[in-house]
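Q: I would like a close look at a single part of this model. Please keep the sentences short and explain each term once.

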Amino acid sequence: MNGDDARADDAGEAAPCVVPGCGAEGARSIARTEIRKVFPDVEEQGRRGPLCREHYRAWKKATRDARKLDRLTW
Ligand SMILES: [Zn+2]
């Protein structure tokens, strides 16, 4: 019995961050069109995608700074 590995099937709970190469546990669900403004590598699949705490903070900061910055370099 390996019931401990079934959490990935639970929709909505602890989905991984959508930023490629991250894979951390998602903390916030953001519209992907908004995510892609900051992280262009994110696939445009579905309407919303989870961001982990770190990427959510980076995204929030980037969207807030977007008026000042013409281009974001990551
Ligand atoms: Zn992340």
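Where is Ile-30 found? Please also describe its surroundings.

A: Ile-30 is found in strand 1. That strand covers residues 28–31. Strands (E, at least two residues) and helices (H or I, at least four) are DSSP runs, numbered from the N terminus.

A word on the source comes before the details. This is a predicted model: local features need pLDDT of at least 70, side-chain atom pairs count only at pLDDT 80 or more, and totals for chains, interfaces and linings use all residues. Residues are numbered from 1 along each chain as its sequence is written. The score pLDDT is the predictor's confidence in each residue, from 0 to 100. Its average over the protein is 81, and 69% of the residues score at least 70. Residues 5–9 stay under 50, and there the model has 1 contact beyond four places in sequence.

Now the overall plan. The protein has 2 helices and 2 strands. Read from the N terminus, the order is β-α-β-α.

Back to Ile-30. This residue is buried because 22 other C-beta atoms lie within 10 Å. The cut-offs, with C-beta atoms placed from the backbone and counted within 10 Å, are 20 or more others for buried, 12 or fewer for exposed, and anything in between for partly exposed. Across the 74 residues of the protein, 18% are buried.

Which residues does Ile-30 touch? Beyond four places in sequence, Ile-30 is in contact with Ile-35, Arg-48, Gly-49, Leu-51 and Trp-59. Contact means that two C-beta atoms, placed from the backbone, lie within 7 Å. Tyr-56 is 26 residues away along the chain from Ile-30, and their C-alpha atoms are separated by 8.6 Å.

Next, step back to the segment before strand 1. Ala-27 is found there, and so is Gly-26. Gly-26 is buried, because 23 other C-beta atoms lie within 10 Å. Ala-27 counts as partly exposed, because 15 C-beta neighbours lie inside 10 Å.

Both residues can be placed against later parts of the chain. Gly-26 and Gly-49 are 23 residues apart in sequence, with 8.5 Å from C-alpha to C-alpha. For Ala-27 and Cys-52, 25 residues apart, the C-alpha separation is 4.8 Å. Ala-27 is also in contact with Cys-52. Its other contacts beyond four places in sequence are Leu-51, Arg-53 and Tyr-56.

One of those partners, Arg-53, lies in helix 2, residues 53–65. Arg-53 counts as partly exposed, because 13 C-beta neighbours lie inside 10 Å. Its C-alpha atom is 8.6 Å from that of Ala-24, 29 residues away along the chain.

Finally, the wider picture. Among the contacts in the protein with a separation of 6 or more, 44% join residues 24 or more positions apart.
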